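Trainee: Please take a close look at the interior of this model. I would like to follow its packing and its empty space, along with the backbone around them.

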Amino acid sequence: MSIETAISLDQALATGQPYPYQRVELVEPDWTRFPGWADVSAADWASVQWQRAHCIKNVKQLRELMGDLLDDRFYADLERDQAERATMSMLVPPQMMNTMVPSFEPAGAGSMTEAFYADPIRHYMIPVFSDRRTDWPSHPHAARDSLHEHDMWATEGLTHRYPTKVLAELLPTCPQYCGHCTRMDLVGNSTPVIDKLKFAGKPNDRLGDMLDYLRRTPSVRDVVVSGGDVANMPWPRLEAFLMSVLEVDNIRDIRLATKALIGLPQHWLQPDVVEGVGRVAAVARSRGVSLAMHTHANHANSVTPIVAEATRAMLDAGLRDVRNQGVLLNGVNADPHALLDLCFRLLDGAQIMPYYFYMCDMIPFSEHWRVSLADAQRLQHHIMGYLPGFATPRIVCDVPFVGKRWVHQNADYDTEHGISYWTKNYRTSIEGDDAEALSRYYEYYDPIHTLPEAGQQWWEEHGRLDETSLKAAEMAEASRRTAALQAY
């Protein structure tokens, strides 16, 4: 996919518009096209227990699912990535797996290989070694915790970055693991290249500390309840935490962060969960608190009828909004047509509000997904005017030590070296005594392969670190993270 999508001359003549809008009915792909699920019933598919029990967690299980539809070279490609590049372990729910190559019709051994390689959802859910860049697989400024969230912990797992908002990481697991996960240093299982950190405190103690902080910090009015993914927390425990948050007078907004609405909608359709959401929503409404859900869809193919059904259940239960926060990913959606297709599929098909598209963060081995700031700015331009204003997503850059900034808010931009400069209008929780926090320029870096030749040459001369230095830097950062965890 490219930033500038060409459409056919016939389309242009027929519509007169660069993007031809057409409403598309949602379709649940036929999961029986995969040999391993040929006999799976609709009742099993609707069962969250079946979905969780049949997640794809390794190459062996993928082989069992696909039969002979994929060539051995794909599995070798995947195994090499798992051994040398993957920052997240494999975990793909059947629902998410079923949105890959959705219209493929098996035609013998190896017949799915090329389509599977090209599939946009596969590209970020099951990355392979040949996807990654070999010139600059990681940016020299990549970091495990690229947004420095741990540096801003007020208590273990509670990030206080913005003046009125906090992020509560309740748990370190998800029902699915995306390859580009920004919290890859803490979330999920360790991989051969990333030894994951662990929360030090007991879960009840950590949640209690979070609530204590909210009670004694009246400037905080907004809590994003995340992880990991709240769908992995047993509902009674999550409900108890949410009810406790609602008892804090200063809290006016609560947002539940869950990729499971897209990847495991069966969870949010469970009667006990729907009823529980209704109870929490009723209390929130009685206290004038806005309760919403944020999910994570990156491609139109992810939005299916069961996703729409789960969203409707959440809205009927009393949530104010369901919003999407996607990630801008090259090869997946870094294209105005792909973004608009996704937005209309969310809005028309599932009543999910397109909200944000984040530029992919500077984590290790992510350069093949990232796009330049200039490309992100062009994408924002190309999607304007088609959607209702309230449903036109903002493309944002999450700048280290700053936070979310619209992509046109940069203060300066060195396009040759791919360095953008940003300012901010508030202090984070670690900058109370920093006199220069509001006047300093903060840097963000474009992928080096997107730069002009002179810029690429400059990084060749100044940005290369030998493997020993890279490993030492990685170990130093991990040690600092461990010390931060143990401090709580």
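Mentor: Helices here are DSSP runs of H or I with at least four residues, strands are runs of E with at least two, and both are numbered from the N terminus. In those terms, Gln351 sits in the loop between helix 15 and strand 8. The model is a predicted one. Gln351 has a positive phi of about 60° although it is not a glycine. Gln351 counts as partly exposed because its relative accessibility is 43%. The two elements that flank this loop lead into the interior.

Helix 15 (residues 336-350) comes first. Eight residues of the largest nonpolar core belong to helix 15, and this is the largest share of that core. The core itself has 130 residues, and those with the most contacts inside it are Met97, Phe116, Leu170, Val225, Ile254 and Trp268. Domain 1 (42-131) and domain 2 (150-451) both give residues to this core, so the core lies between them. In soluble globular proteins, nonpolar side chains tend to be buried together.

Ile254 shows what such a position looks like in detail. Neighbours within four places in sequence aside, Ile254 is in contact with Val223, Val225, Leu242, Val245, Leu246, Val289, Ser290, Leu291 and Ala292. Another core, of 10 residues, lies apart from the largest one and includes Cys55, Met88, Leu91 and Cys181.

The two domains also meet directly. Their centres, taken over C-alpha atoms, are separated by 26 Å. To the contact between them, domain 1 brings 29 residues and domain 2 brings 39 residues.

Strand 8 (353-359), on the other side of the Gln351 loop, leads to the empty space. Rolling a probe the size of a water molecule over the atoms shows where empty space is left. There are two cavities of 30 Å³ or more. The largest cavity holds about 810 Å³ of space. Its lining has 37 residues, and the closest to the centre are Thr182, Arg183, Ser226, Gln325 and Tyr358. Strand 8 gives the most to this lining, with four residues. At least two residues each come from strand 2 (158-162), strand 3 (165-169), strand 4 (222-226), strand 5 (253-257), strand 6 (290-295), strand 7 (321-328) and strand 8. By class, the lining of the largest cavity has 16 nonpolar, 11 polar and 10 charged residues.

The second largest cavity has about 80 Å³ of space. Its lining is made of 13 residues, with Gln82, Met88, Ser89, Pro127 and Gly179 nearest the centre. Eight of the lining residues are nonpolar, four are polar and one is charged. Domain 1 and domain 2 each supply at least three residues to the lining of this second largest cavity. Met88 thus has two roles in this account, since Met88 is one of the residues of the 10-residue core and is also among those nearest the centre of the second largest cavity.

Helix 15 returns at the second largest pocket, which contains about 270 Å³ of space. The 14 lining residues of this pocket include Tyr19, Pro20, Gln22, Val24 and Asp341, the closest to its centre. Helix 15 gives the most to the lining of the second largest pocket, with six residues. That lining divides into six nonpolar, four polar and four charged residues.

Some backbone details remain. Gly227 and Gly228 are joined by a cis peptide bond, with omega about 20°. Gly228 lies in the loop between strand 4 and helix 10 (235-246). Val101 has a positive phi of about 35° although it is not a glycine. Val101 is placed in the loop between helix 6 (94-97) and helix 7 (113-118). Its relative accessibility is 8%, so Val101 counts as buried.

One more loop residue is His141, between helix 8 (120-125) and strand 1 (153-155). With 40% relative accessibility, His141 counts as partly exposed. Beyond neighbours within four places in sequence, His141 is in contact with Met362, Tyr445 and Trp459. His141 and His462 lie 321 residues apart in sequence, while their C-alpha atoms are 12 Å apart in space.

Methods
Residues are numbered from 1 along each chain as its sequence is written. This is a predicted model: local features need pLDDT of at least 70, side-chain atom pairs count only at pLDDT 80 or more; totals for chains, interfaces and linings use all residues. Side-chain values use heavy atoms; hydrogens and water are left out. A nonpolar core is a set of buried Ala, Val, Leu, Ile, Met, Phe, Trp, Tyr and Cys residues joined through side-chain atoms within 4.5 Å. Buried means under 20% relative accessible area, exposed over 50%, partly exposed in between (1.4 Å probe, protein chains only). Domain bounds come from an automatic or database domain assignment. Contact means heavy atoms within 4.5 Å. On a 1 Å grid over the protein atoms alone, a cavity is a set of points where a 1.4 Å probe fits but cannot get out, and a pocket is an open set with protein on both sides within 12 Å along at least five of seven lines; lining residues have an atom within 4 Å of a point. Grid points are joined across faces, edges and corners, and a volume is the space filled by probe spheres set on the points. Ala, Val, Leu, Ile, Met, Phe, Trp, Tyr, Cys and Pro count as nonpolar, Asp, Glu, Lys and Arg as charged, and the others, Gly among them, as polar.
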